[in-house]
Amino acid sequence: MRILHPDNTSPAQADKTSTAIHLRDVTVSYQEKPALRSVSMDVPQGEIIGVVGPNGAGKSSLVKTMLGLIQQDAGEILYFGKPIQECRQLVSYVPQTGAVDWDFPVTVLDVVMMGHFGRLGWLGRPGKKHKKAAIDALETVGMAPYRNRHIRQLSGGQQQRVFLARALCQKAEILFLDEPFGGVDASTEKAIFSLMDNLAADGHTLVVVNHDLSVLDRYDQLLLLNQHVIAYGPPREVATEENLRKTYGGHLSLLDKAEIAIKDHLR
Amino acid sequence: MHTLAQLTFEPQLWYFPFEELPEGLWTSVLVGITCGVLGCFVVLRRMALIGDALSHAILPGVVIAFLVTNNTGVWGLLLGALLAGLLTAVLINLVSHKSRTKEDSAIGIVFTALFALGLILISNLPRGTHFDLQCFVFGIPDAVNKEEMYLMGAIAAIVIGIIILLYHPLKLVSFDPLVATSMGVPVLFFHYLLMGMISATVVAGLKTTGVILVVAMVITPASAAYQLTDRFSRMLILAGFFGGLSALLGMIFAFILNAPSGPSMVLVATAIFAISMLLSPSHGYVFEKLRKLRLKRHIDGEDVLKAVYKLEQNQETATKDRIGELARLPLERLPKLFHSLSREQLLNFTEAAATLTETGRHRAIELVRSHRLWESYLAQHANIPPGDLHPHAEELEHAHELADEVDKTLGHPKHDPHGSEIPR
């Protein structure tokens, strides 16, 4: 499978200062079973990348590898030219909201304050300016009025926004969002997208993992993944019926097929 | 060969030792506090089974330390227990991650194996040595000596010191380990740190409750605290307090009732837990009832204000009878409502009549406005015929903080559906 680069330049030729994320031939295997084969891509700073593929396609493995949570067998991952170990604070992870216990005894502000930990270190204590930064982050995602609420009282979309605020509090340049639209209604999805647009306009680079095929055109770049890269590039060029069939194979449901067919008619 | 039949029931060993009161008592209180605080992490991280596992699995460590040092010196036992506790945590981690065995099964396999190994080791102790298995299993507080009390004090101070120093990373690691890892926090280190602290506390506290009941001291006070607060720091403090209190009261009851001390500490902790379930501000029965009562009184009070306002508008004297009639409240409830309204400086009243204060009149106008706005809203947006509007609006008017929003949505109407003016 040929690996597509957005502008057909090789990674080496790409302008290093504007390339936020650089992946070359990243290969990962779980207990001898390959999960990702030779994934390469360059992500320009300030863009929103959609990572799309069926269950078991290696989307989570890719994100976890990029975050340094899983060791890759081969290949290179660089953020602004540096490996993750040298720039952890540049990169932040927004997990699926189902990943934590929402009954945990913390308030919305407490959760956002946790974003400071990476810079504060083990014995560091957050002070007034950290609190202000956390409230600013909540302001950005429109959750400041909820700061003293217990996290149990939040809806799915609000939980997602609180996680985003924590990532902003980390002052990260690159954000990984894992299924941010899970259990969220259409209007909240729209709100989260416009929030992501604002972040991208501020120079943040966002990698969004999503299995939903309905919002493909909202991304700047699309990575179609099924263990290897099926296609990578702007959605208009990449989201063709053929590519999606290759990505989803037999997993593509009739409804998904209908959706693609309708989109092809409109094109 | 020895058999488990040695585990005979000898109740006289458990009786409360009056002359040994200070050591046993203070050690128990220290164990209670430390277990309570550590228990918060166990409860929140859903590791209750691990607490049970650790307490059992330290047996071989204790026996080996006993064999090596050939006495029951506390420092040797502590080291043995710490190593055994950490080994347990590592083995559980290995079994659950390197095979398809799920964590709960892995815990079960590892701790029973280690406990069994400990029992075999005991049966092979050289002739003439006396290892008191019963003390290990059930605890004997009168066997606590000064040295052990100081040891427990040191452990309590170290554990609480570590938790205060590493409060923020411990909170992050417990709430969201995945994100903590992505920030470069060594999550596994913190896991083993907690395991180590629990092992040390359990072994130092063994003589007070024994391995079977020490789990209760870890889980129960922390669970009680969890019912009562939504803040992590408060939960830690409350759990420590409940743990210490359970130990203190448990020892006192054990003395009064001539009962074994470990079990009575556990029952006190359980009683505290039961009370906290009833009193929990968010889920508890008592506060639920209180909240409903308070809301009812608030609504009744507002109805009284509105009734007095209407009577004043009609130039009538606001007697109790007329107020009761208009507000649809039984007369015997009125004096109480009058008192609380006058405390809030909304109403003045004598035997004969009630009058509104300036603030009271404002509140009443606000209610009338809210009522009429809601009637307009319901008529426009819910298609309710004008005749049926009143009872619905009568409920909704108490949401008067939303009146401005309703007003805006409706485009600032001047009159309600019945033609009455909406006050500004």
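The exercises below treat a sheet in chain A, two residues with positive phi, and the contact between chains A and B of a predicted model.

Residues are numbered from 1 along each chain as its sequence is written, and chains are lettered from A in the order in which they are written. In this predicted model, local features need pLDDT of at least 70, side-chain atom pairs count only at pLDDT 80 or more, and totals for chains, interfaces and linings use all residues.

**Exercise 1. The sheet**

Give the strand order of the open sheet in chain A and state which strands stand at its edges.

Solution. Strands are DSSP runs of E with at least two residues, helices are runs of H or I with at least four, and both are numbered from the N terminus. Two strands pair if DSSP finds at least two bridges between them. The order in chain A is β5-β6-β7-β3-β8-β9, six strands with mixed pairing. β5 (91–94) and β9 (228–233) of chain A each have a single partner strand, so one side of each lacks a neighbour in the sheet.

**Exercise 2. The two edges**

Describe the pairing of β5(A) and of β9(A).

Solution. Start with β5(A): four bridges link this strand to β6 (residues 174–178) of chain A in the parallel sense. Within that pair, Y93(A) has F176(A) as its bridge partner. V91(A) and Y93(A) point one way from β5(A), S92(A) and V94(A) the other, and all are buried (20 or more other C-beta atoms within 10 Å of the residue's own; exposed means 12 or fewer, partly exposed in between; C-beta atoms are placed from the backbone).

At the other edge, β9(A) runs antiparallel to β8 (residues 221–226) of chain A, with five bridges. There L223(A) is the bridge partner of Y232(A).

**Exercise 3. Two positive phi values**

Are Q227(A) and Q315(B) buried or exposed?

Solution. Q227(A), in the loop between β8 and β9 of chain A, has a positive phi of about 70° although it is not a glycine. Q227(A) has 20 other C-beta atoms within 10 Å and is therefore buried.

Q315(B), also not a glycine, has a positive phi of about 60°; the loop that holds Q315(B) joins α13 (285–313) and α14 (320–327) of chain B. Q315(B) is exposed because 6 C-beta neighbours lie inside 10 Å.

**Exercise 4. The chain contact**

How many residues of chain A are in contact with chain B?

Solution. Contact requires C-beta atoms, placed from the backbone, within 7 Å. By this criterion 16 residues of chain A meet 20 residues of chain B. The chain A side consists of 13 nonpolar, two polar and one charged (Ala, Val, Leu, Ile, Met, Phe, Trp, Tyr, Cys and Pro are nonpolar; Asp, Glu, Lys and Arg charged; the others, Gly among them, polar).

Note on methods: Contact = placed C-beta atoms within 7 Å.
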